[in-house]
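Student: I would like to go through the salt bridges and one helix of this model. Can we take it pair by pair?

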Amino acid sequence: MAVTREKKEELREQFAERFNKASASVVAEYSGITAVELAELRVELRKVDTEFKVLKNRVAKKSLLDKAEGCKALEEKLKGPIGVAYMYGDVAAGAKALLAFAKENDKFKVTGGVMEGKSLSSGDVKALSDLPSKEELLGRIVGTLVSPHRGLLQVLNGVG
């Protein structure tokens, strides 16, 4: 049964809304992955505020051209059976979860993405996954701020 024009327009609106809301979007080929494995991926990604959706390429391309201005760099990556991971929270944590799943499943391949309107290659996504999480960076900053005071306190306590 063919999809009606109204349904396609509704899909375009949904895709554009997700692309515009996400801080980064990563495209991945999922050919050969079972539905159970994709469900496991979605569960893991939900933990890090990321959403994985399978797209119809033609509808997604029209959505990118018409309504999602910052994501036009993804257009050439929309070939074959693909899905997009929309990262709403910590981009590094989402990239880590995607690449961990890709490491376990050889048939799942991250092909690239877009972040802040700039195109990302698969190597760029790998570099993002190597970054520490937001919580870890905040912990490092707090530790750096507290360490001089802690050293002074230890010196003063040692004199008595």
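Student: Asp130 and Lys126 are separated by about how much of a helix?
Tutor: This is a predicted model, where local features need pLDDT of at least 70, side-chain atom pairs count only at pLDDT 80 or more, and totals for chains, interfaces and linings use all residues. Residues are numbered from 1 along each chain as its sequence is written, and side-chain values use heavy atoms, with hydrogens and water left out. Both residues sit in helix H5 (residues 122-130); helices (H or I, at least four residues) and strands (E, at least two) are DSSP runs numbered from the N terminus. They are four residues apart, so the separation is about one helical turn.

Student: How far apart are the closest N and O atoms of Asp130 and Lys126?
Tutor: Side chains of opposite charge can pair when their charged atoms come close. A salt bridge here is a side-chain nitrogen of Lys or Arg within 4 Å of a carboxyl oxygen of Asp or Glu. Asp130 and Lys126 form one, with a closest N and O separation of 3.3 Å.

Student: Is Asp130 buried or exposed?
Tutor: Buried means under 20% relative accessible area, exposed over 50%, and partly exposed in between (1.4 Å probe, protein chains only). Its partner Lys126, at 44%, is partly exposed. Asp130 has 53% relative accessibility, so the residue counts as exposed.

Student: Which residue meets Arg18 in a salt bridge, side chain to side chain?
Tutor: Arg18 lies in helix H1, and its partner lies in strand E2 (residues 50-54), so the pair ties together parts 33 residues apart in sequence. Arg18 is buried, at 19% relative accessible area. The partner is partly exposed, at 23%. At 3.4 Å, N to O, the partner is Glu51.

Student: Which residues are linked with Arg18 in a network of salt bridges?
Tutor: Glu51 also meets Lys53, at 3.9 Å, N to O. Lys53 is partly exposed, with a relative accessible area of 29%. The network therefore links Arg18 with Glu51 and Lys53.

Student: How many salt bridges does the rule give?
Tutor: Those of Arg18 with Glu51 and of Asp130 with Lys126 are among them. The count comes to six.

Student: Within what arc do the buried residues of H1 fall?
Tutor: The buried residues of H1 are Leu11, Arg12, Phe15, Ala16, Arg18 and Phe19. Seen down the axis, they line one face; the arc is that of the directions from the helix axis to the C-beta atoms. On the other side, Glu6, Glu17 and Lys21 are exposed. The arc for the buried residues is 165°.
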